[in-house]
Number of protein chains: 2
Amino acid sequence: MKIPIDGVQAFVHVAELGSFNRAAEHLSITQTALTRRIQRLESFVGLRLIDRTTRSTALSPMGKDFLPLARRIVDDLVHGLDRLRTTSRLGVGDVTLATLQSVAFRQLPLALRSYARKYPHNRIQLLERSGALVTDAVREGQADFGIHIQQDANPDLTEEMLMRDPFVLVCSRSHPASKLKRVGWSNLGGIDLITLGGASGNRRIVETQLVKAGLQTRGRFVVESTPSAIALARENVGAAILPAAMNATTVASGLVEVPLVDPVLYRAIALVRRRNETLSPAASALYGIIKARLCSDKR
Amino acid sequence: MKIPIDGVQAFVHVAELGSFNRAAEHLSITQTALTRRIQRLESFVGLRLIDRTTRSTALSPMGKDFLPLARRIVDDLVHGLDRLRTTSRLGVGDVTLATLQSVAFRQLPLALRSYARKYPHNRIQLLERSGALVTDAVREGQADFGIHIQQDANPDLTEEMLMRDPFVLVCSRSHPASKLKRVGWSNLGGIDLITLGGASGNRRIVETQLVKAGLQTRGRFVVESTPSAIALARENVGAAILPAAMNATTVASGLVEVPLVDPVLYRAIALVRRRNETLSPAASALYGIIKARLCSDKR
DNA sequence: GGATTTTCATGCATATCCCTCATGAAAAAT
DNA sequence: ATTTTTCATGAGGGATATGCATGAAAATCC
């Protein structure tokens with residue numbers, strides 16, 4: 001036999017309004033239907049919960065006992081489901097996004113502002129991680145999804161490419177290379193290179209390519225972060241290999257970007273999330289906005 | 001749209017068992033039906049609660065959020081309704097019974113013992129009241145129901161006659177009246193009467209009849225309780241007018257009961273309870289037992 | 001005091017909903 | 001590659017709830 005939740009709800013309403021008719025109206029059903037619901041509930045539990053004459057209604061002793069619990073059940077149910085519904089409709093909720101610092105600096109702010117306008121009540125937590133740590137944060141559930149450099153496929157995760165970001169050579173205007181229209185990887189031999197080290201995801205890509213070009217694995221200067229690299233380049237210590245998206249030129253004046261070619265090497269920025277797991281509405285909305293924003297930004 | 005309580009229940013089971021099939025089996029429905037319930041729930045709230053592949057099931061973030069509440073709802077509902085059901089089936093519960101002292105002495109013990117055997121876990125509280133106080137206790141809700149002397153109908157109460165208890169003249173074996181087979185009310189003139197006073201319900205009945213018989217309103221000795229009356233009669237101070245049910249003869253030896261006739265006057269012992277209010281199962285059971293026991297006892 | 005109004009209960013027809021059976025699809029196990 | 005396991009889907013039938021019209025009982029009204 002089925003659980004007469006309708007009956008419980010009806011019971012609470014009758015108890016509160018003291019009348020079948022008013023309760024029925026309140027529930028937008030006929031009085032007939034309401035009577036039947038109460039009857040079903042009573043026959044389910046096997047005892048009379050509401051003593052009713054043609055004139056008045058009153059709870060029986062057991063009805064009085066049951067009322068608080070019944071009220072709680074109905075409230076929990078209605079509010080609980082309602083919360084879920086509004087969540088789904090409005091996309092209410094918190095989002096935690098793991099991202100590369102570099103992306104957080106440049107591309108993300110626009111997307112976040114757009115999201116914040118659309119969902120003023122939602123909070124966003126940004127985890128700024130470098131390299132593989134983004135992936136880890138997503139896989140371990142610390143973040144709803146992440147933005148990272150595409151890498152070896154992970155069975156637990158799905159990726160979706162956002163844009164391909166070419167590497168460029170950044171150097172001071174007074175640096176010899178600044179005069180070039182472009183420069184091939186194999187022509188970097190005579191240049192003091194500033195490269196990223198540490199856990200950076202770029203490091204792997206750049207170093208691989210350097211090896212292919214027959215140069216030493218590491219640049220002459222290995223720094224931990226992009227700002228440091230830019231600072232060094234600015235002082236003309238050497239030329240830095242950086243993603244174009246960093247837009248070093250605009251960060252510090254007096255710098256020049258020279259495209260790196262043969263081959264044009266990209267780092268693939270991708271959205272990453274757990275495979276087979278639905279994003280929360282809030283996360284899903286942000287995911288969509290980022291995808292739309294950054295894809296159109298593609299160079 | 002209707003509240004998908006089945007879906008919530010299904011959701012909890014799937015969450016706990018990690019499998020649609022096992023959950024379906026647990027609920028004794030087909031896997032198909034269970035899938036449908038989950039689908040209905042999800043379409044009701046508008047978001048996916050369980051991420052499922054053909055191989056595995058896992059809660060989505062919102063599902064995880066919802067699980068504790070869902071579990072509580074289902075538990076409350078199932079346990080709450082179950083409690084009511086067992087209550088109705090077993091008649092579990094406490095009963096408070098208001099009764100006349102006289103009835104409590106004599107007829108009730110048998111009924112109570114029988115009830116106690118049938119429902120070993122139920123507690124009974126006895127309110128011993130005299131006269132109209134039984135009625136008051138019932139009307140004011142202090143007692144579930146009562147046993148009293150039938151009187152003017154009260155709109156709030158319903159009565160059900162249990163037995164009619166004739167009044168007898170109780171006297172010592174050495175009392176002149178003890179030789180009579182019966183005695184008419186109008187022949188009580190020369191006898192020193194011991195009557196009940198105070199709040200006794202019998203008082204009204206007896207006094208009314210005495211007036212009708214042309215005797216003084218009160219007996220020569222007016223006592224407050226039956227035991228006192230019996231004690232006086234035993235010492236041959238006079239003859240007492242008492243309900244036959246008191247069985248004075250067996251309480252104190254050396255006493256004789258003489259039927260009072262012209263008319264044979266009864267006090268009507270009745271069950272009384274609040275009109276239009278369902279008795280709790282426990283009370284209802286006791287009510288039934290008393291009715292059966294004492295009615296068969298009718299003289 | 002009888003007519004009217006109010007309120008809960010019931011019989012019947014209908015529409016809705018939900019379940020089961022059979023089958024499909026996808027992924028893991030053999 | 002085949003089998004097995006597990007969730008999803010389509011269709012049909014049966015159970016169940018709903019609504020309308022009406023009844024019954026009690027309070028109110030004139």
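User: Which residue of chain B comes closest to the rotation axis?

Analyst: That's B:Ile73, whose C-alpha sits 3.0 Å from the axis. To find such an axis, copies are superposed by least squares on the C-alpha atoms of residues with pLDDT of at least 70 in both. Here, chain B lands on chain A after a rotation of 179° with 0.0 Å of shift along the axis, and the RMSD is 0.9 Å. That is the relation of a two-fold axis.

User: What should I know about the model itself before going on?

Analyst: It's a predicted model, where local features need pLDDT of at least 70 and side-chain atom pairs count only at pLDDT 80 or more, while totals for chains, interfaces and linings use all residues. Residues are numbered from 1 along each chain as its sequence is written, chains are lettered from A and ligands numbered from 1 in the order in which they are written, and side-chain values use heavy atoms, leaving out hydrogens and water.

User: Through which surface do the copies meet?

Analyst: Through the same one: 98% of the interface residues of chain B are also interface residues in chain A.

User: How do I read the overall form of chain A?

Analyst: Start with the radius of gyration, taken over C-alpha atoms; the globule rule is 2.2 Å times the number of residues to the power 0.38. For 299 residues a compact globule would come out near 19 Å, yet chain A has 31 Å. Along the principal axes, its C-alpha atoms fill a box of roughly 100 × 35 × 25 Å. Helices (H or I, at least four residues) and strands (E, at least two) are DSSP runs numbered from the N terminus, and chain A has eleven helices and twelve strands.

User: How many residues surround DNA strand D, and which are closest?

Analyst: A residue counts as near if one of its heavy atoms lies within 4 Å. There are 22 around DNA strand D, with A:Thr30, A:Arg37, A:Thr54, B:Asn21 and B:Arg52 the closest. Of the strand's atoms within 4 Å of the protein, 65% belong to sugar and phosphate.

User: Which parts of the strand do polar side-chain atoms approach?

Analyst: Look for pairs of N or O atoms within 3.5 Å (within protein, one must be able to donate a hydrogen and the other to accept it, and residues adjacent in sequence count only if both atoms are side-chain atoms). A:Arg37 has a polar side-chain atom 2.5 Å from a phosphate oxygen of DNA strand D, and a side-chain N or O atom of B:Thr35 is 3.4 Å from a phosphate oxygen. A:Thr32 instead places a polar side-chain atom 3.3 Å from a base nitrogen. Helix H3 (31-45) of chain A, plus helix H2 (20-27) and helix H3 (31-45) of chain B, are the elements giving two or more residues to this surface.

User: Is B:His175 buried or exposed?

Analyst: Buried means under 20% relative accessible area, exposed over 50%, and partly exposed in between (1.4 Å probe, protein chains only). B:His175 has 8%, so it is buried. You'll find B:His175 in the loop between E6 and strand E7 (183-184) of chain B.

User: What is B:His175 in contact with?

Analyst: Contact means heavy atoms within 4.5 Å. Setting aside neighbours within four places in sequence, B:His175 touches B:Ile191, B:Asn236, B:Gly238 and B:Ala239. A polar atom of the B:His175 side chain also lies 3.0 Å from the backbone nitrogen of B:Ala177.
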